[in-house]
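Dear colleague,

I am passing on the structure we spoke of, and I would be glad if you could look at it alongside the notes below.

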Amino acid sequence: MPRPYVITVSSEKGGVGKTTLATNLAVYLKALAEDLPVTLLSFDNHFTVDRMFRLSADQTELHVGQLFSATPASELIRQGEYGVQIIPSCRDLNLFNPQPPADEDLARILSRTELGGVVIIDTCPILDPYTRNALFAADRVIVPIKDAPSLENCQHLANFFADHGISRAPLRLLPCLIDTRIRYSGPFKDSYQLLKAYAINRGYRCLEGFIAKSPKVESLATNPEGKVYPVLTHGRSTEVHLQFTHLARQVYLEYLEKGPHRMGEVSEAQRTRDNALIHREQERRQRLLDSCLCCGKKLDFTQLAEAFYLETSGRETCGFIEESCFYEMVFSDLYAEQKTAPGAAIKELFRETAQVSCFLLQRLDSSHVKLARLDHNGETLSCRTSEVKSSRGLLRRGIPLLHNLLERTLSANERHSLLLIKKSANPATSILAETPYSRFQAIFSRARLDYARQDQAVDAGLNNPVFP
Ligand SMILES: Nc1ncnc2c1ncn2[C@@H]1O[C@H](COP(=O)(O)OP(=O)(O)O)[C@@H](O)[C@H]1O
Ligand SMILES: [Mg+2]
């Protein structure tokens, strides 16, 4: 499967020439290697990419924000001017995607596309989630620096790589907007030499050469047509033309030599993570007991329609209780000592709330348990203590449900607890997949923490009915 070589142009400084560099590099690369697919996109909202490349007949409303909402890149890519493909810009990425992407999202998305060649990403001057995505996915990060402050800002980019535990080898600095008329006495004759020396001194690597400041280049964005013209077509007489030619050659040679490797790394890391998830889920399945923990009936997990999943706090025991057993246990065993048994309406209400609740059962001593009803954030809604009637209690079909459950789960574990949650998907074992299982564990942790705190305080006071 072809993979793209991703070049991100980034700097936390505005006005250093990022967009001019990204757009012109695309044109020069295409001119250098006609068969090389070059795709350009911008996470900034100034639409320079669109003004330079978008064909007037192209009326699409698709844009780069949709990359993060599962639209395949192939649907977003438009053929643009100068042979360059573009993904149109988005007016407000934060408005379009209120949930910001995780730093790895773009890399994952691009590694799954059929997109080959070079992808150039222009970024905005802040290290927002989109810039972070572009950095994470990059085979090469070009950082234009035009002065000492823009050089100082590179530290944040370097930190980004360190924070993610990835090599900062993709970083290359490029002096841009260099005023070649300024000369210095001393070892560094001009601002290019000076900036390069500063950069190397701080441990950064630079691309060869620089991009000079040119009034001609500056004028290419201002014309009655409202277009932005490339240096290649409208500024051939400038020294910047030669500098872009030189830069494109360097970048192209690097592409040929190293090829796209970042997408491979990302896919490999993803594969390792996926395998670890599968392995963890398999381990959970192996621990699963195959009969109802209340009545002991053998369960067929593929057919199990209505049931509660449960797990003990030490993760020693996990399995299912048939829904009917659970209700019977609550109504008969846990409420056995009530003067008036819960009526049909209350039972129905309990069944309804049980669908969206979790239940924490804790053994207090050999003859008492505490049952708490929690919401899906692990917050206690109600709680009661009951006496365990053991096998002499009210039996269902002659089976002591609560007694059995405690024997199989919390027998020797005073103060240990178990959490029950209604299974919501089929097959029943899908609760063991990473996302629902992590949610289950998060509720359990929160509830246990609350109860550990309460145990340290007074145990009384919370003895409210579990019924709604
Ligand atoms: N080599 C250059 N010579 C002269 N002006 C330039 C050059 N490169 C960029 N500019 C101008 O500098 C301004 C900022 O450039 P731009 O590429 O938009 O920077 P950034 O994307 O970092 O904000 C623009 O007006 C642009 O036309
Ligand atoms: Mg810009």
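What follows is a description of the two pockets and of the residues that line them.

Please bear in mind throughout that this is a predicted model.

The largest pocket encloses about 590 Å³ of space, and its lining is made up of 32 residues, among which G17, T20, L177, V217 and E218 are the ones that lie nearest the centre. Four helices, namely helix 1 (18-32), helix 2 (48-53), helix 10 (215-219) and helix 12 (239-258), each contribute at least two residues to this lining, and the greatest contribution comes from helix 1, which gives six. Sorted by class, the lining of the largest pocket comprises 17 nonpolar residues, together with eleven polar and four charged ones.

Turning to the second largest pocket, its volume comes to about 260 Å³, and 15 residues line it, with I421, K422, S424, I431 and R439 lying nearest its centre. Here the elements that each supply at least two lining residues are a strand and a helix, strand 13 (417-422) and helix 17 (434-456); of the lining of this second largest pocket, helix 17 provides the most, with four residues. When the lining residues of the second largest pocket are divided by class, seven are nonpolar, five are polar and three are charged.

When you open the model, you might begin with helix 1, which gives the most to the lining of the largest pocket, and then go on to helix 17, which gives the most to that of the second largest.

With best regards

Conventions. Residues numbered from 1 in each chain as written. Chains lettered and ligands numbered in written order. Predicted model: local features only at pLDDT ≥ 70, side-chain atom pairs only at ≥ 80, totals over all residues. Heavy atoms only, no water. 1 Å grid on protein atoms, 1.4 Å probe; cavity = no way out; pocket = protein on both sides within 12 Å on 5 of 7 lines; lining within 4 Å. Points joined across faces, edges and corners; volume = space filled by probe spheres on them. Nonpolar A, V, L, I, M, F, W, Y, C, P; charged D, E, K, R; others polar.
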